[in-house]
Amino acid sequence: MKYRDSGDVAAWEKKDPIGRFQAHLKARGLWDEAFENGVRESAAATVENAVAEAEAMPSASLEDLFAFTYASMPPGLREQLDEARAAAGEDPR
Amino acid sequence: MNATMAQAINQALALELRRDERVVLLGEDVGKDGGVFRVTDGLVDAFGPERVIDTPLAESAAVGVAIGMTALGLRPIVEIQFLGFIYPAFNQIISHVARLRNRTRGRFPVPLVIRTPYGAGVRALEHHSESTEALFCHIPGLTVAVPSTPYDAKGLLAAAVRSDDPVIVLEPTRLYRSGRQEIPDEAYEVPLGRARVVREGTDLTIVAWGAMVPVAEKAAILAAEKGWSAEILDLRTLSPMDREAVVGSVKRTGRALVVHEAAKTCGLGAEIAALIGETALLSLKAPVLRVTGWDITPPLPKSEDHYYPNPERVLRSVRRLMEF
């Protein structure tokens with residue numbers, strides 16, 4: 001552990017509210033394996049879909065890298081953008 | 001030993017801590033964790049928590065405490081985790097570190113080292129890719145050093161620790177582990193204020209530092225294929241600058257190109273161009289050119305390759321100089 005003693009972490013893990021809530025639901029007959037699998041699968045799917053969506057995002061365009069520096073692009077910065085485009089093999093405007 | 005830059009710096013820190021009991025190291029995660037780039041690995045075990053001090057996430061406090069240490073005779077080395085994290089400490093650095101010697105008419109010098117990784121090229125997040133060296137070069141009283149090799153990293157840091165002035169050592173993140181070099185095991189100094197000729201040439205002078213030195217070297221090889229002979233100067237200390245080295249080289253070659261990854265406007269390239277204009281105008285066969293980062297916030301990882309200079313961009317400007 002980088003910042004905490006492992007003993008401290010173990011002590012607090014026993015008080016983990018998620019585990020305690022699960023035990024509470026089980027004791028009241030409100031939790032079974034099928035429900036748990038469903039929750040896990042839907043949570044994993046949500047995360048995986050979000051990752052896929054993020055990875056499918058196109059890279060920012062060169063214009064995009066420059067466009068939000070000022071409310072409107074100063075002429076000198078516009079010249080640099082054209083130079084960046086030429087360096088990247090894009091046609092200058 | 002055969003060392004990466006990170007290992008060379010670790011060795012310099014260990015040697016200085018051993019050599020001089022006034023030397024102490026402080027910063028975020030420098031102790032138990034050994035530093036975010038492992039640069040301080042093992043030092044707290046070797047020298048103890050009174051000399052290798054983990055600080056809270058408070059850059060201003062770390063630098064402020066270090067100023068107090070210098071007043072009591074210590075020689076602290078503060079690590080700032082990334083150059084982009086240094087801004088909370090600006091008031092301490094500019095208002096006190098840089099001018100306490102002057103304010104006290106020399107009675108309280110500030111023999112303090114601030115070392116920090118800087119620059120783009122490691123696919124990092126916002127605030128982890130900055131190259132704002134010009135901000136510090138603009139402040140009288142600060143010395144600013146930037147190594148580009150393991151040998152220079154070790155020697156410049158030793159010189160910085162032994163200097164009676166505050167020295168900011170900027171360590172190019174991209175070069176921490178990109179190569180190895182045979183360096184002496186023992187301590188040695190690379191003098192502050194002295195540039196290094198990386199490659200001799202006759203047609204133009206390329207001035208670079210830090211992570212742009214290897215970029216300039218690759219560009220010089222491409223230029224040689226075109227029949228253009230480029231001399232490369234690694235400034236090593238940005239301020240006070242080795243003016244004689246820059247001017248002397250440009251007087252011989254007649255052409256100058258500055259390569260830095262910082263934004264162009266008010267970057268150090270402007271100062272170098274002005275220096276050459278003031279001292280070597282009649283030697284020039286072409287205007288001084290700059291290849292730099294764009295005047296934008298350093299982009300996020302996917303786009304950073306578009307930001308800092310590459311050998312092809314440098315070669316385009318070499319061509320402009322040679323065909324002027």
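Helices here are DSSP runs of at least four residues and strands are runs of at least two, both numbered from the N terminus. With that naming, B:Pro240 falls in the loop between β12 (237-239) and α9 of chain B. This is a predicted model, so here's a quick tour of what turns up where chain A meets chain B, in a helix pair of chain B, and in a couple of backbone oddities.

**Where chain A meets chain B**

- On the chain A side, 18 residues are in contact with 13 residues of chain B.
- The two chains bury about 1400 Å² between them, and 54% of that is on carbon and sulfur atoms.
- Which residues of chain A lose the most area to chain B? They are A:Lys2, A:Leu65 and A:Gln80, and together they make up 36% of what that side buries.
- Don't look for salt bridges between chain A and chain B, since the count is zero.
- Polar contacts do show up between the chains: three residue pairs, with both residues at pLDDT 80 or more.
- Two elements of chain A, α4 (62-67) and α5 (75-87), each give two or more residues to the side that touches chain B.
- Of the elements on that side, α5(A) gives the most, with six residues.
- Sorted by character, the chain A side comes to twelve nonpolar, three polar and three charged residues.

**Salt bridges**

- Over all chains, a search of the whole structure turns up 21 salt bridges.
- One to pull up on screen pairs A:Arg85 with A:Glu63, where the closest N and O atoms are 3.0 Å apart.
- A:Arg85 sits in helix α5 of chain A and A:Glu63 in helix α4 of chain A, so this pair ties together parts that are 22 residues apart in sequence.

**A helix pair in chain B**

- Helix α9 (residues 243-253) and helix α10 (residues 268-280) of chain B have axes that come within 10 Å and cross at roughly 65°.
- The crossing of α9(B) past α10(B) is right-handed.
- From α9(B), the residues in the contact are B:Arg243, B:Val246, B:Val247, B:Val250 and B:Lys251.
- They meet B:Ile272, B:Leu275, B:Ile276, B:Thr279 and B:Ala280 of α10(B).
- What kinds of residues make up this contact of α9(B) with α10(B)? Seven are nonpolar, one is polar and two are charged.

**Backbone oddities in chain B**

- Going from B:Ser239 to B:Pro240, the peptide bond is cis, with omega near -5°.
- B:Arg105 isn't a glycine, yet it has a positive phi of about 50°.
- You'll find B:Arg105 in the loop between α5 (100-103) and β5 (113-118) of chain B.

Note on methods
Residues numbered from 1 in each chain as written. Chains lettered and ligands numbered in written order. Predicted model: local features only at pLDDT ≥ 70, side-chain atom pairs only at ≥ 80, totals over all residues. Heavy atoms only, no water. Axes fitted to C-alpha atoms, helices over the stretch in contact; angles between N-to-C directions. Left-handed = near helix turned anticlockwise from the far one by under 90°. Contact = heavy atoms within 4.5 Å. Nonpolar A, V, L, I, M, F, W, Y, C, P; charged D, E, K, R; others polar. Buried area = accessible area lost by both parts, 1.4 Å probe. Salt bridge = Lys/Arg side-chain N within 4 Å of Asp/Glu carboxyl O. Polar contact = N/O pair within 3.5 Å; in protein donor to acceptor, adjacent residues only side chain to side chain.
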